[in-house]
Amino acid sequence: MVENHNLKIYNSLQGEKEKFESIHPEFVGMYVCGPTVYSHVHLGNVRTFMSFDVVFRYLKHLGYKVRYVRNITDVGHLESDADTGEDKISKKARLEQLEPMEIVQQYSNDFHQVLNQFNCIPPSVEPTATGHLIEQIECIKTLLDKGFAYESNGSVYFDVKKYNAEGYHYGELSKRDIDDLIANTRTLDGQSEKKNPQDFALWKKASPEHIMRWPSPWSDGFPGWHLECSVMSTKYLGERFDIHGGGMDLKFPHHECEIAQAKGANGVEPVNYWMHTNMLIMNGQKMSKSTGNIVNPKELISGDNNIFEKGFHPMVIRFFMLQAHYRSVLDLSNDAVIAAEKGYNRLMDAYHSMDDLPVSEKSTVDIQVWIDNSHAKMDDDFNTPMLIAELFDGVKMIQAIHDGKQAINEHDKQRFKIYMKAFIEDVLGLESIENQNIEQLDAAMQLLIEMRKKARDNKDWATSDEIRDKLAEKGIILKDGKDGTTFSLT
Ligand code: AMP
Ligand code: ZN
């Protein structure tokens, strides 16, 4: 455990920073709403998941054991937030003439691959909504028993008015007043199954053409979107847990409904610290699937797009994102990422030169102060831009020591190196590009060596020679030995 740390987290529910104390003695529980897997993740989604990756990393750096749960929404998220509309996954499956679970699998794989490229650590548990239908049905039964829900034509709705009448406050997180909400929504047309427009679906009876359906005591149907998160967070983290995160756009109605469900079913405040990330924007507009203002992460990496002048390494994009605090809006533009690339390279060049720092008998730099300042920045609600500023102070120290303007002794040099590594690699998750490139080069080379072997087995000498000669032109030398072929760089 890092001593004397004083982590403060901005709690969206209270609207202020609060000292962090974990509920469980054994572990910190963190739940983050995961993606709805009906299309590719965009960079806005990546920003949110990367922000919580840093939270996860920093808590671990402080010595906490963290149980990080991030779900996959594979049913129940409807096209519009109203409780009508088609299920997003069903719709995609219908359009592509695929089984809904094929859509789920395809985009879950894609999601994992993208987050892996950005060096986000996988969560401890990644539950799916369809894998927790029994728990969701049980939770609905509890809410019905306690009078917070009602059945209507095979569907079940949460009764928001009843909940408020019991002294709770639907709207506490998004700071909405239920009476205003009622006044500002159209009245129901008499055909509606709901008692009030604010009531939200816990279970929806499936229409005959709806392909995703399961049996329940009320109808063949499917769960409402908000229910899965309440049920899965309770199952893996307990009725009360430490941190719940997601993008700001999930505050209402999604998280508001989660609070109501949890308080209705369990009678306790479920979450100690509600954390919400701000939006990634581009051209002044939120990046969002529905408006089409999106950049696919792979296109930004490859450069295969019309907006950016070239491709960028995932670590440069990660660095770009961490240069903004998670609660600030971040504007994505060509110039901003180019500037981030320069900064990233400057930081990494200095970091990689640390082995060569000359050692003196006495230090003139104070490494402990630098370490404490760096921790203090992260302790202040995970302030990554301020930590990066401290790292650049470290870069200045490195340069001054190389130039002989400052001195460092052996002990301080080791600590300096250890903490640069801890902050750059463990906390910010910035892997060195160099190391990654070597891994990628190795993978590509193994493929080429295999292809050349196949050509030789087929006595296709022309292809085998072409592979060897073209690689040699680029300074990559193949060597055939009795254990196979190896390569070296000239
Ligand atoms: P979704 O798959 O749409 O439920 O989104 C997954 C996560 O990404 C949620 O936490 C959203 O709040 C978040 N998100 C969506 N758009 C953006 C954006 N433009 N910037 C940051 N986070 C976003
Ligand atoms: Zn959720």
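This section describes the surroundings of ligand 1, the pocket that holds it, and two backbone features in a predicted model.

Ligand 1 is surrounded by 17 residues, of which Thr-48, Gly-247, Asp-249, Leu-280 and Met-287 come nearest. Several of these residues approach the ligand through backbone atoms. For Leu-280, a backbone N or O atom is found 2.8 Å from a nitrogen atom of ligand 1. Met-287 likewise places a backbone N or O atom 2.8 Å from a nitrogen atom of the ligand. At Gly-247, the partner on the ligand is an oxygen atom, which lies 3.0 Å from a backbone N or O atom of this residue. On its own, ligand 1 has 490 Å² of accessible area, and the protein covers 94% of it.

Two elements, helix 1 (43-61) and strand 9 (241-247), give two or more residues each to the shell around ligand 1. Helix 1 contributes the most, with 4 residues. When the shell is divided by class, 8 of its residues are polar, 6 are nonpolar and 3 are charged.

The site occupied by ligand 1 is the largest pocket. The volume of this pocket is about 990 Å³. Its lining consists of 46 residues, and those closest to the centre of the pocket are His-77, Lys-88, Asp-249, Leu-250 and Lys-286. Asp-249 thus appears in this group and also among the residues that come nearest to ligand 1.

The lining draws on several elements of the fold. At least two residues each are supplied by helix 1, helix 2 (88-96), helix 3 (100-117), helix 7 (225-237), strand 9 and helix 8 (251-266). The largest share belongs to helix 1, which provides 5 residues of the lining; helix 1 also gives the most to the shell around ligand 1. In terms of class, the lining of the largest pocket comprises 18 nonpolar, 18 polar and 10 charged residues.

Two features of the backbone complete the description. Most peptide bonds are trans, and most residues other than glycine have a negative phi. Against the first of these tendencies, the peptide bond that joins Phe-252 and Pro-253 is cis, with omega at about 0 degrees. Pro-253 belongs to helix 8, one of the elements that supply at least two residues of the pocket lining. Against the second, Asn-119 is a residue other than glycine with a positive phi, near 65 degrees. The position of Asn-119 is in the loop between helix 3 and helix 4 (133-145). Helix 3, at one side of that loop, is also among the elements that supply at least two residues of the pocket lining.

Key. Residues numbered from 1 in each chain as written. Chains lettered and ligands numbered in written order. Predicted model: local features only at pLDDT ≥ 70, side-chain atom pairs only at ≥ 80, totals over all residues. Heavy atoms only, no water. Near = heavy atom within 4 Å. Polar contact = N/O pair within 3.5 Å; in protein donor to acceptor, adjacent residues only side chain to side chain. Areas by Shrake-Rupley, 256 points an atom, 1.4 Å probe, with all protein chains shown as cover. 1 Å grid on protein atoms, 1.4 Å probe; cavity = no way out; pocket = protein on both sides within 12 Å on 5 of 7 lines; lining within 4 Å. Sits in = over half its atoms within 2 Å of the grid points. Nonpolar A, V, L, I, M, F, W, Y, C, P; charged D, E, K, R; others polar. Points joined across faces, edges and corners; volume = space filled by probe spheres on them.
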